[in-house]
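Reader: I'm new to this one, so could you walk me through a few of its residues and contacts?
Author: Sure, ask away once it's on screen.

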Amino acid sequence: MTDRVIEVTTDVLGDGYEAIELPLGEDEEGEVVATLVRRRATDPCRRAVLYVHGFVDYFFQKHLADFYVEHGFDFYALDLRKYGRSLRPHQTPNFVRSLTEYFPEIDEAVRIAREVDGHDVLLVNAHSTGGLVAALWADRVGGRGLVDGLFLNSPFLDINEPLVMRKLGAGLARALGRRFPTARLPAGVSDLYVRSIHREHDGEWDFDLEWKPLLGFPVRAAWLAAVRRGQLRLHAGLDIDVPVLVMSSDRSVRPKPGVADLSSADAVLDVEHMARWAPRLGRHVTLVRIEGGVHDLVLSAKPVRDQVFGELARWMDGYLPVPD
């Protein structure tokens with residue numbers, strides 16, 4: 001993959017956004033690709049950020065790219081294999097058997113940002129399940145100087161169920177995953193969260209409901225088992241050797257019809273899990289809790305997301321190196 005010619009096309013987001021398809025060989029379902037979206041800053045720069053999305057998600061948050069570009073970063077975002085731009089008709093959406101399957105596209109995206117495009121400083125910004133994946137990846141590449149900081153937006157560090165249900169669900173996922181890896185489990189993201197953020201319903205954001213459906217995609221047994229293995233690996237303690245910023249809402253809420261808090265709390269994950277497990281990421285972890293934040297903090301109401309960006313800017317100024 002590293003010797004191939006990089007083919008660049010105009011991304012679906014339009015002017016200023018480029019798409020680079022990353023071929024990843026084949027798996028049991030056939031051809032696999034990931035997609036790297038790139039937006040360059042107005043002036044040449046040597047700092048870059050790589051964004052990694054969550055489950056039932058893809059990159060569409062143009063205002064996030066605006067923030068980084070305005071702060072002198074070239075912006076990159078991955079649509080991981082079987083998500084968004086990278087999803088193919090022959091594939092089971094969002095499905096992998098191990099979270100390590102995502103490492104090759106992260107490796108290649110980092111190679112392009114550093115070796116091809118010549119950036120000296122790289123921040124990885126990851127959301128939800130992407131936060132778990134990025135943390136495991138950063139632990140694996142420790143000591144190699146590939147990443148200079150990690151910003152985890154509401155990372156998926158534990159399953160949002162009581163302890164007994166977490167153990168039962170993980171056990172069921174493991175047992176089914178061995179023989180029936182794509183078996184559907186009775187779990188998933190409530191459509192109420194997606195409705196609360198999409199502009200055709202109760203929110204302000206425009207995104208493709210084919211790639212991020214109201215009802216999500218089914219949770220598959222082997223996928224959930226892979227997530228749980230990754231979480232338990234993190235719970236045992238990672239050794240990420242760069243500064244980490246973990247940001248979450250100040251509270252969680254169970255999504256139910258008529259609950260107004262959907263627009264001012266995390267309706268997907270338990271923020272107390274994030275606070276509990278964040279110290280296990282590495283030696284230098286900052287935890288910031290945002291009052292009124294939704295699960296994807298940068299999709300919160302404007303006063304709240306302004307606070308998110310303010311906290312992020314302050315952290316970057318304090319902890320990210322400045323190229324010579």
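Reader: Is Asp-306 buried, partly exposed or exposed?
Author: In this predicted model, Asp-306 has a relative accessible area of 40%. Buried would need under 20%, and exposed would need over 50%. With its 40%, Asp-306 therefore counts as partly exposed.

Reader: Which residue does Asp-306 form a salt bridge with?
Author: Look inside helix α8, where Asp-306 has a partner 4 residues apart, about one turn of the helix. The closest N and O atoms of the pair are 2.8 Å apart. That partner is itself partly exposed, at a relative accessible area of 48%, and its name is Lys-302.

Reader: Which residues are joined into one network by salt bridges that share partners?
Author: For this one, look for salt bridges with partners in common. Those shared partners link up Glu-18, Arg-38, Arg-40 and Asp-117.

Reader: How many residues apart in sequence are the parts that Asp-148 and Arg-114 tie together?
Author: These two form a salt bridge, with the closest N and O atoms 2.7 Å apart. Both Asp-148 and Arg-114 are buried. Asp-148 sits in the loop between α3 and β7, while Arg-114 belongs to helix α2, so the pair ties together parts whose separation in sequence is 34 residues.

Reader: And what about Arg-283 and Asp-239, how many residues apart are the parts they tie together?
Author: Their side chains meet in a salt bridge at 3.0 Å, N to O. Arg-283 lies in the loop between α7 and β11 and Asp-239 in the loop between α6 and β10, so this pair links parts that are apart in sequence by 44 residues.

Reader: Is Arg-283 buried or exposed?
Author: Exposed means over 50% relative accessible area. Arg-283 comes in at 64%, so this residue counts as exposed.

Reader: What is the handedness of the crossing of α1 and α8?
Author: The axes of helix α1 (residues 62–70) and helix α8 (residues 302–319) come within 12 Å and cross at roughly 35°. Among the residues that meet there are Phe-67 and Tyr-68 in α1 and Phe-309 and Leu-312 in α8. By class, that contact has 7 nonpolar, 1 polar and 1 charged residues. As for the handedness, the crossing of α1 and α8 is right-handed.

Reader: Last one: is His-273 buried or exposed?
Author: His-273 is found in helix α7. The cut-off for buried is under 20% relative accessible area. His-273 has 10%, so the word for this residue is buried.

Conventions
Residues numbered from 1 in each chain as written. Predicted model: local features only at pLDDT ≥ 70, side-chain atom pairs only at ≥ 80, totals over all residues. Heavy atoms only, no water. Helix = DSSP H or I, 4+ residues; strand = E, 2+ residues; numbered from the N terminus. Buried < 20%, exposed > 50% of the residue type's maximum accessible area, 1.4 Å probe, protein only. Axes fitted to C-alpha atoms, helices over the stretch in contact; angles between N-to-C directions. Left-handed = near helix turned anticlockwise from the far one by under 90°. Contact = heavy atoms within 4.5 Å. Nonpolar A, V, L, I, M, F, W, Y, C, P; charged D, E, K, R; others polar. Salt bridge = Lys/Arg side-chain N within 4 Å of Asp/Glu carboxyl O.
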